[in-house]
Amino acid sequence: MGGKERRFAQVDVFGADALLGNPVAVVIDGDGLSDAEMARFARWTNLSETTFLLPPSDPAADYRLRIFTPGGELPFAGHPTLGSAHAWLKTGGVPEHADRVVQQCGAGLVELRRDAHRLAFAAPPLLRSGKVDEETLERVVASLRIAKTDVLAAEWVDNGPGWLAVLLRSASDVLALAPDFAAMGDLKVGVVASQPDGQDTDFEVRGFVPAFGIPEDPVTGSLNGGLAMWLIGSGRAPAAYVAAQGTALGRAGRVHVEHAHGRHWIGGDTRTIVSGTVRI
């Protein structure tokens, strides 16, 4: 059969334990593949994201990453960033600086820090922020099948994929959502609410992206990066917190957020679940 044998890993990202996070498919030897071949393989894996590791073209980067959903390419995404950095390190990648990794992607250079516990990326700046306009908010609430009075606030938190965020009154309201994905159309909607006291997390999050071929993303680093900027910046969240995501899908995602030295760090556990080769 045609194709070249390439190293491959499937990494679970953000899970509280194995198989409870969001998987990403990583083609470690991605050099030489065309755009069409990358897109075709991403459709075949049918995961929320598939990535391809490439030599960097920027001397400041340790590697270059291309990120595909089943519906197309993204300039940046969070859980693929963490999972791909994990795969790169586990398969022999050596960063220029021992305590950090620099990734080149469509959104530019993204810095990751690593310590004894987990990887975390520095959330890229928002491309769009501010309040969601009334016309768009009407579409959002209709697609979420809620009333506008259920929304405490709505903001653009777009750092590449196109996210907007809606703040609801309670975590139970977030978990009860049953969206109309046809009505949602091309909107990328994140929903968040505070957890009640006594929980092991501070916020409940869900992310809906039907335009990418994944109606609900299990755990979403880019969304949580945008949410962190909004929630911490507006005083709705402390400088460090943990968000739960994926609960409604039977996952147990845990996103570790910290604002330190002017940067928002989005971290999570990473585990290699599948390793081997693929022929593409």
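Is Phe121 buried or exposed at its computed relative accessibility? In this predicted model, Phe121 has a relative accessibility of 0% and therefore counts as buried. That residue makes a handy way into the aromatic contacts, from which the description moves on to the salt bridges, the cavity and two backbone details.

A search of the whole structure returns eight aromatic pairs. In one of them, the ring centres of Phe8 and Phe41 are 6.2 Å apart and the planes stand at 90°, so this pair is edge-to-face. Phe8 belongs to strand E1 and Phe41 to helix H1 (residues 35–45), so the contact ties together parts that are 33 residues apart in sequence. Both Phe8 and Phe41 are buried. Phe121 has a partner of its own: its ring centre lies 5.5 Å from that of Phe76, with the planes at 70°, so these two rings are also edge-to-face. Here Phe76 sits in the loop between strand E5 (72–74) and H2, while Phe121 is part of strand E8, so the pair joins parts that are 45 residues apart in sequence. Like Phe121, at 0% relative accessibility, Phe76 is buried, and its value is 0% too. Returning to Phe8 and Phe41, these residues form one aromatic cluster together with Trp44, Phe52 and Phe68.

Charged side chains add further links. The structure contains 12 salt bridges. One of these is formed by the side chains of Arg279 and Glu5, with an N to O distance of 3.4 Å. This pair connects distant parts of the chain, as Arg279 is in strand E18 (residues 270–279) and Glu5 in strand E1 (residues 5–13), 274 residues apart. Both ends of the bridge have some access to the surroundings: Arg279 is partly exposed at a relative accessible area of 45%, and Glu5 is partly exposed at 49%.

The loop that precedes E18 takes part in a salt bridge as well, this time between Asp269 and Arg118, whose side chains meet at 3.2 Å, N to O. Asp269 lies in the loop between strand E17 (263–268) and E18, and Arg118 in the loop between strand E7 (108–114) and strand E8 (119–122), so the pair ties together parts that are 151 residues apart in sequence. Arg118 is partly exposed, with a relative accessible area of 26%.

A further salt bridge brings together the side chains of Arg254 and Asp200, at 3.7 Å from N to O. It too links distant parts of the chain: Arg254 is in strand E16 (residues 253–260), and Asp200 is in the loop between strand E12 (188–194) and strand E13 (203–209), 54 residues apart. Asp200 has a relative accessibility of 60% and so counts as exposed. Elsewhere, Asp35, Arg66 and Glu73 are linked in a network of salt bridges.

What of the empty space inside the model? Rolling a probe the size of a water molecule over the atoms shows where such space is left. The structure holds one cavity of 30 Å³ or more, and the volume of the largest cavity is about 70 Å³. Its lining is made up of 16 residues, with Glu49, Trp163, Asp217, Thr220 and Ser222 nearest the centre. Two or more lining residues come from each of helix H2 (78–90), strand E14 (214–217) and helix H6 (221–233). H2 supplies the largest share, namely three residues. Sorted by class, the lining has nine nonpolar, five polar and two charged residues. Both domains take part, since at least three lining residues are drawn from each of domain 1 (5–123 + 267–279) and domain 2 (128–258).Two backbone details complete the picture. Leu19 is not a glycine, yet it has a positive phi of about 70°. Leu19 lies in the loop between E1 and strand E2 (22–27), and it is exposed, with a relative accessible area of 60%. Arg145, again not a glycine, has a positive phi of about 60°. Its place is the loop between helix H3 (134–144) and strand E10 (151–158). With a relative accessibility of 54%, Arg145 counts as exposed.

Notes:
Residues are numbered from 1 along each chain as its sequence is written. This is a predicted model: local features need pLDDT of at least 70, side-chain atom pairs count only at pLDDT 80 or more; totals for chains, interfaces and linings use all residues. Side-chain values use heavy atoms; hydrogens and water are left out. On a 1 Å grid over the protein atoms alone, a cavity is a set of points where a 1.4 Å probe fits but cannot get out, and a pocket is an open set with protein on both sides within 12 Å along at least five of seven lines; lining residues have an atom within 4 Å of a point. Grid points are joined across faces, edges and corners, and a volume is the space filled by probe spheres set on the points. Helices (H or I, at least four residues) and strands (E, at least two) are DSSP runs, numbered from the N terminus. Ala, Val, Leu, Ile, Met, Phe, Trp, Tyr, Cys and Pro count as nonpolar, Asp, Glu, Lys and Arg as charged, and the others, Gly among them, as polar. Domain bounds come from an automatic or database domain assignment. A salt bridge is a side-chain nitrogen of Lys or Arg within 4 Å of a carboxyl oxygen of Asp or Glu. Buried means under 20% relative accessible area, exposed over 50%, partly exposed in between (1.4 Å probe, protein chains only). Rings of Phe, Tyr and Trp (its six-membered ring) pair if their centres lie within 6.5 Å; planes under 30 degrees apart count as stacked, over 60 as edge-to-face and the rest as tilted.
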